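Colleague: Could you pick out one part of this model and take me through it closely, with the neighbours that go with it? I work at the bench, so please explain each term as you use it.

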Amino acid sequence: NNTEQDRYRTRQPTTQDKSHHHQQTMIEITLDDRLGKKVRIKCNEDDTIGDLKKIAAMQLGTQPEKLKIQKWYTVYKDHITLGDYEIHDGMGLELYYQ
């Protein structure tokens, strides 16, 4: 029983380290407005869609509220993280102005 606890204790920090390292990995997303403008954005997987919009808005010289990010027919919501939407490095998303 005691060795079982020790084994759990040694296993625990490694999974925490991995998840911490995973969150710090920078990824690059391409936003395409289908009007000839493609914006490449460096961010983290634990950033939210709202964060992504803020960075894109600065690069495009517009307001984040005017941007809509989607893929096919899924419109991404501001408070959800890129990781939760399974948006990974090198992915391209659609950018619309509203």
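Modeller: Trp72 counts as exposed, at 65% relative accessibility. By that word I mean over 50% relative accessible area, while buried is under 20% and partly exposed lies in between, with a 1.4 Å probe and protein chains only. The place of Trp72 is the loop between E3 and E4, where E marks a strand of at least two residues and H a helix of at least four (H or I), both being DSSP runs numbered from the N terminus. Trp72 also has a positive phi of about 55°, although this residue is not a glycine.

Please keep in mind that this is a predicted model, in which local features need pLDDT of at least 70 and side-chain atom pairs count only at pLDDT 80 or more, whereas totals for chains, interfaces and linings use all residues. Residues are numbered from 1 along each chain as its sequence is written, and side-chain values use heavy atoms, with hydrogens and water left out.

Now to the strands around that loop. E3 (residues 67-71) and E4 are antiparallel and share two bridges; strands count as paired if DSSP finds at least two bridges between them. Lys71 has Thr74 of E4 as its bridge partner. On to the whole sheet: five strands form an open sheet with mixed pairing, in the order E2-E1-E5-E3-E4. E2 and E4 (74-75) each have a single partner strand and stand at the edges, so one side of each has no neighbour in the sheet. Along the chain, the elements run α-β-β-α-β-β-β from the N terminus.

Step inwards from E3 and you meet E5 (residues 92-97). Four bridges hold E3 and E5 together in an antiparallel pair, with Gln70 standing opposite Glu94. E5 also carries Tyr96, which is partly exposed at a relative accessible area of 28%. Lys68 lies over the face of Tyr96, 5.8 Å from the ring centre; a charge sits over a ring if NZ of Lys or CZ of Arg is within 6 Å of the ring centre and within 35 degrees of the ring normal. The C-alpha atoms of Tyr96 and Leu31 are separated by 9.4 Å, with their positions 65 residues apart along the chain.

On from there, E5 runs parallel to E1, with three bridges between them; Thr30 is partnered by Gly92 of E5. E1 (residues 26-32) in turn is joined to E2 by seven bridges, this time antiparallel, and Asp32 stands opposite Lys38 in E2. Their hairpin has five residues between the strands, and there Arg34 takes a positive phi near 60°.

Arg34 is worth following, as it leads back to E5. The side chains of Glu94 and Arg34 meet in a salt bridge of 3.3 Å, N to O; the term needs a side-chain nitrogen of Lys or Arg within 4 Å of a carboxyl oxygen of Asp or Glu. Glu94 is in strand E5 and Arg34 in the loop between E1 and E2, so this pair ties together parts that are 60 residues apart in sequence. What is the setting of the two partners? Glu94 is buried, at a relative accessible area of 10%, whereas Arg34 is exposed at 57%.

A search of the whole structure finds four salt bridges. One of them joins Arg40 and Glu28 at 2.8 Å, N to O, linking strand E2 to strand E1 across 12 residues of chain. Arg40 is exposed, with a relative accessible area of 55%. Glu28, Arg40 and Lys42 are linked in a network of salt bridges.

Beyond E4, Asp78 forms a salt bridge with Lys53, the closest N and O atoms being 2.8 Å apart. Asp78 is in the loop between E4 and E5 and Lys53 is in helix H2, 25 residues apart. Here Lys53 is buried, at 8% relative accessible area, and Asp78 is partly exposed at 40%. That loop between E4 and E5 also holds Glu86, which is exposed at 56%. Like Trp72, where we began, Glu86 has a positive phi without being a glycine; for Glu86 the angle is near 60°.
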